[in-house]
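Reader: I am in my first year and still learning to read models such as this one. Could you take me slowly through a single part of it, explaining each term as you go?

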Amino acid sequence: MRNKTAVNKEIAEFKNGQAIAEFGSLVSPPVGVTLSVYFSNIADHLTNMRDAHPHSKLYMDINRFGVYKIKAY
């Protein structure tokens with residue numbers, strides 16, 4: 001992500017995913033809660049990286065197993 005606008009957009013998308021997962025926890029509590037926490041963790045980590053590296057570009061990758069990496073460059 002090349003600028004703060006792109007980072008803020010990604011944070012908003014993960015927070016929306018968290019809200020949807022929380023609603024889904026009414027149907028399937030284990031899956032909904034797990035996804036909600038997962039999306040919340042990604043959004044928080046992205047927010048922390050944005051604040052820690054205000055002048056850097058951020059790189060984020062999520063593999064097929066759901067493991068994510070966020071790095072500044």
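Author: Axes are lines fitted to C-alpha atoms, for helices over the stretch in contact, and angles run from 0 to 180 degrees between N-to-C directions. Helices (H or I, at least four residues) are DSSP runs, numbered from the N terminus. This is a predicted model, in which local features need pLDDT of at least 70 and side-chain atom pairs count only at pLDDT 80 or more, while totals for chains, interfaces and linings use all residues. Residues are numbered from 1 along each chain as its sequence is written, and side-chain values use heavy atoms, with hydrogens and water left out.

With that settled, the axes of helix 1 (residues 4–24) and helix 2 (residues 29–52) come within 8 Å and cross at roughly 165°. That makes helix 1 roughly antiparallel to helix 2, a term for angles over 145 degrees. Among the residues that make the contact (heavy atoms within 4.5 Å) are Val7, Ile11 and Phe14 of helix 1 and Leu35, Phe39 and Ile42 of helix 2.

Helix 1 also holds a salt bridge, meaning a side-chain nitrogen of Lys or Arg within 4 Å of a carboxyl oxygen of Asp or Glu: Lys9 pairs with Glu13, and their closest N and O atoms are 3.6 Å apart. Because Lys9 and Glu13 are four residues apart in helix 1, about one helical turn separates them. Lys9, at 54% relative accessibility, counts as exposed, whereas Glu13, at 40%, counts as partly exposed; exposed means over 50% relative accessible area, buried under 20%, and partly exposed in between (1.4 Å probe, protein chains only).

Conventions. Helices (H or I, at least four residues) and strands (E, at least two) are DSSP runs, numbered from the N terminus. Angles under 35 degrees count as roughly parallel, over 145 as roughly antiparallel, 65 to 115 as roughly perpendicular and the rest as oblique.
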